[in-house]
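Okay, hi everyone, thanks for making room for me today. Have a look at the sequence and the 3D view, and then I'll walk you through them.

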Amino acid sequence: MSQDHDDDIPDEIENETEKTVLSSDTFQGKVQSAENTPPSLVALIGPPGYTGKQWHLTQSETIVGRSVECGIFIDDRSLSRHHCRFMLMGVDVSVVDMGSTNRTIVNGMTLPPLTPHRLKTNDQIKTGNVVFKYLERGSLEAMSTQEVQERVSKDPLTGAFTKGELLQRAPEVVKRAETLGEPLSLIVFDIDFFKKINDSFGHPGGDYVLKELGHVVGTKLVRSQDYFARFGGEEFVILLLGSNSRQAMDVAERIRTTVQGHRFSYDNANVPVTISLGVAERLPTEKNWESLFERADKALYQSKKTGRNKVTLAN
């Protein structure tokens, strides 16, 4: 009597074979994803908050320096205001020193000013006290670095940036707005009666509301140039770059009405969700993030104090 040969293969070997196939598929998927990863720079050495940070080189020119106008702005006195320029030409990237004080050094070789130097993957570029590593297009390392950076900088529940990431980015954004004379506004909001939601649906229900709210706001109501972060608990903030108070009030009202009209459904039950919001535009004399946040937060408190589910503009 004949018997299928597969019947003679132990389950353990079959399981190991399946794992090998799955691992191979996963690897191939990562390789294919990496092919779309643009060339990038990773900070190996730099001031606090910069080490390990990655920047994709997607523009024809990207300038590095301590001027807020630079595509890669690093607040360190060892860099010139416009230190060096990275030029993307097809799949190749070259670096040009822009006559910097402390020069641009690639793998120990000092570059003559205004002379392009073509980069190879893993080249190290020293600009003052900041050292970058260059990763070419399609690099698995660039993709992995991006994944790690996103895990560290994003709140796993809501998908918004973390408070720590916000506190690193916000002072830079305020300084840029001050230097360039651009408008900058801030929206601060939190969920009304969130404790009642937790009491009625348990903490899993509360987590569902936070996750769904983060998805709705982050994917439908925030522009790519804005900065959406979870400040803590049920409180969120949005930095609106290039927006004055009138524009920010329009965005805040759109967020309020969208959340109010959205169907939050947990465990076959509708969860009523509204939010209260405070809005503040950076004043011409306002030089720090803390002052801007304090005014927006006070406006949020005023919204909650005067009935909730409303938007208040700071004085």
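I'll start with the whole chain, then go to one sheet, the helices on it, and a single arginine.

First thing to keep in mind: this is a predicted model. The chain has 315 residues, and 41% of them count as buried. You'll find six helices and 18 strands in there. If you take the contacts with a separation of 6 or more, 57% are between residues 24 or more positions apart. On the outside, the accessible surface comes to about 16900 Å², and carbon and sulfur atoms make up 50% of that.

Now, the sheet. Which strands form it, and in what order? Going across, you get β13-β14-β12-β17-β18, five strands in an open sheet with mixed pairing. At the edges sit β13 and β18, each pairing on one side only. From one strand to the next, the twist averages 20°. Quick reminder for the newcomers: strands in a sheet pair through backbone hydrogen bonds, and they can be parallel or antiparallel. For β13 and β14, it's antiparallel, over five bridges. One example you can click on is R230, whose bridge partner in β14 is F236.

Next up, helix α4, which packs on this sheet and touches β12, β13 and β14. Its direction makes about 150° with that of β12. Here's the fun part. A straight helix of 27 residues would span 39 Å, but α4, residues 194-220, spans only 22 Å between its end C-alpha atoms. Where does α4 bend? At F201, by about 125°, and a proline, P204, follows within four residues. Plenty of α4 is buried, including F194, I197, Y208, L210 and V217. The buried residues of this helix pack against β12, β13, β14, α5 and β15.

That brings us to α5. This helix lies across β12, β14, β17 and β18, and runs at about 170° to β17.

Last stop: R256, which sits in α5. Is R256 buried or exposed? It counts as buried, because its relative accessible area is 12% and the cut-off is under 20%. Leaving out residues up to four places away in sequence, R256 touches I275, L277, N309, K310 and V311. Take L277 from that list: it's 21 residues from R256 along the chain, yet their C-alpha atoms are separated by 7.7 Å.

That's my tour, so over to you for questions.

Key
Residues numbered from 1 in each chain as written. Predicted model: local features only at pLDDT ≥ 70, side-chain atom pairs only at ≥ 80, totals over all residues. Heavy atoms only, no water. Helix = DSSP H or I, 4+ residues; strand = E, 2+ residues; numbered from the N terminus. Expected span 1.5 Å × (residues − 1). Bend = angle between axes of the 7 residues up to and from the residue. Buried < 20%, exposed > 50% of the residue type's maximum accessible area, 1.4 Å probe, protein only. Contact = heavy atoms within 4.5 Å. Areas by Shrake-Rupley, 256 points an atom, 1.4 Å probe, with all protein chains shown as cover. Pairing = 2+ DSSP bridges. Axes fitted to C-alpha atoms, helices over the stretch in contact; angles between N-to-C directions.
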